[in-house]
Amino acid sequence: MGLTFHRNPDGTTTGRNEANGLTVTHAEEEEVKRQLYEDAGWEYTPPPPPVPPGFHRFSLAHDEFRASGFGDERYAGPRARPPEGCVPVDRGCFALECERPGKTLMDAVAGTVAEVRREHGLVMNSLGVEKPQEWFDADNKNGYAAKIVAHLVLTAADRARLLGYGRKDVVRLLDATGIE
């Protein structure tokens with residue numbers, strides 16, 4: 001069974017339960033989710049309240065091909081002393097649920113990744129995004145689309161390292177795109 005969601009040009013959201021064909025369109029995205037979850041027989045949990053201005057909510061994960069699990073001794077430090085505003089969670093891997101300050105989401109993620117690396121020698125390499133091809137708010141610099149971008153950059157940096165590429169190689173590729 002699959003649920004799909006699509007942001008419409010008029011600002012509404014349409015959701016569909018692929019199992020039975022139920023389609024819902026509404027101005028509020030969360031109302032679409034609630035109705036589809038209930039139709040699918042799944043528990044719906046409303047989103048948490050918004051973070052204060054200048055803060056961003058995100059998850060950081062240390063996702064490895066060689067599963068080590070939340071209890072691995074490498075994670076003892078960040079489990080005991082996580083960055084301020086972060087809580088360690090077990091997602092089948094070590095993860096941090098964070099509400100951190102930053103000018104943008106990317107700034108908040110970058111600052112947190114740098115702090116974990118500096119304090120604990122651990123490079124967090126994922127934001128735990130399962131379907132990065134789904135873009136709901138491509139016009140919002142700090143929303144879901146920004147989480148996807150941060151996730152893809154962290155994942156790309158980690159995978160490049162595993163293949164033997166260094167920072168200069170990744171930066172050269174980014175520079176080749178011409179983005180400013």
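**Exercise 1. Find how far apart the centres of domain 1 and domain 2 lie, taken over C-alpha atoms.**

Step 1. The centres of domain 1 and domain 2 are 29 Å apart, taken over C-alpha atoms. Domain 1 covers 3–40 and domain 2 covers 55–177, with bounds that come from an automatic or database domain assignment.

Step 2. A word on the ground rules: this is a predicted model, where local features need pLDDT of at least 70 and side-chain atom pairs count only at pLDDT 80 or more, while totals for chains, interfaces and linings use all residues. Residues are numbered from 1 along each chain as its sequence is written, and side-chain values use heavy atoms, with hydrogens and water left out.

Step 3. For scale, the C-alpha trace of the protein spans about 45 × 40 × 35 Å along its principal axes.

**Exercise 2. List the order of the elements from the N terminus on.**

Step 1. Count first: the protein has 5 helices and 6 strands. These are DSSP runs numbered from the N terminus (helices are H or I, at least four residues; strands are E, at least two).

Step 2. Now read along the chain, and the elements run β-β-β-α-β-α-β-β-α-α-α.

**Exercise 3. Describe the largest pocket and explain where it lies with respect to domain 1 and domain 2.**

Step 1. Settle the term: on a 1 Å grid over the protein atoms alone, a pocket is an open set of points where a 1.4 Å probe fits, with protein on both sides within 12 Å along at least five of seven lines; lining residues have an atom within 4 Å of a point.

Step 2. The largest pocket holds about 1800 Å³ of space, a volume being the space filled by probe spheres set on the points, which are joined across faces, edges and corners.

Step 3. Its lining has 41 residues, and Glu30, Lys33, Pro47, Tyr144 and Lys147 lie nearest the centre. Two or more residues come from each of strand 1 (3–7), helix 1 (29–40), strand 4 (55–62) and helix 4 (144–163). Strand 4 gives the most, with 5 residues.

Step 4. Sort the lining by class: 18 nonpolar, 8 polar and 15 charged. Here Ala, Val, Leu, Ile, Met, Phe, Trp, Tyr, Cys and Pro count as nonpolar, Asp, Glu, Lys and Arg as charged, and the others, Gly among them, as polar.

Step 5. Both domain 1 and domain 2 give residues to this lining, so the largest pocket lies between them.

**Exercise 4. Work out which helix gives the most to the lining of the second largest pocket.**

Step 1. The second largest pocket has a volume of about 1300 Å³. It is lined by 37 residues, with Val153, Leu154, Ala156, Ala157 and Val170 nearest its centre.

Step 2. Helix 3 (105–120), helix 4 and helix 5 (167–176) each supply at least two lining residues. Helix 4 gives the most, with 9 residues.

Step 3. By class, this lining has 22 nonpolar, 5 polar and 10 charged residues.
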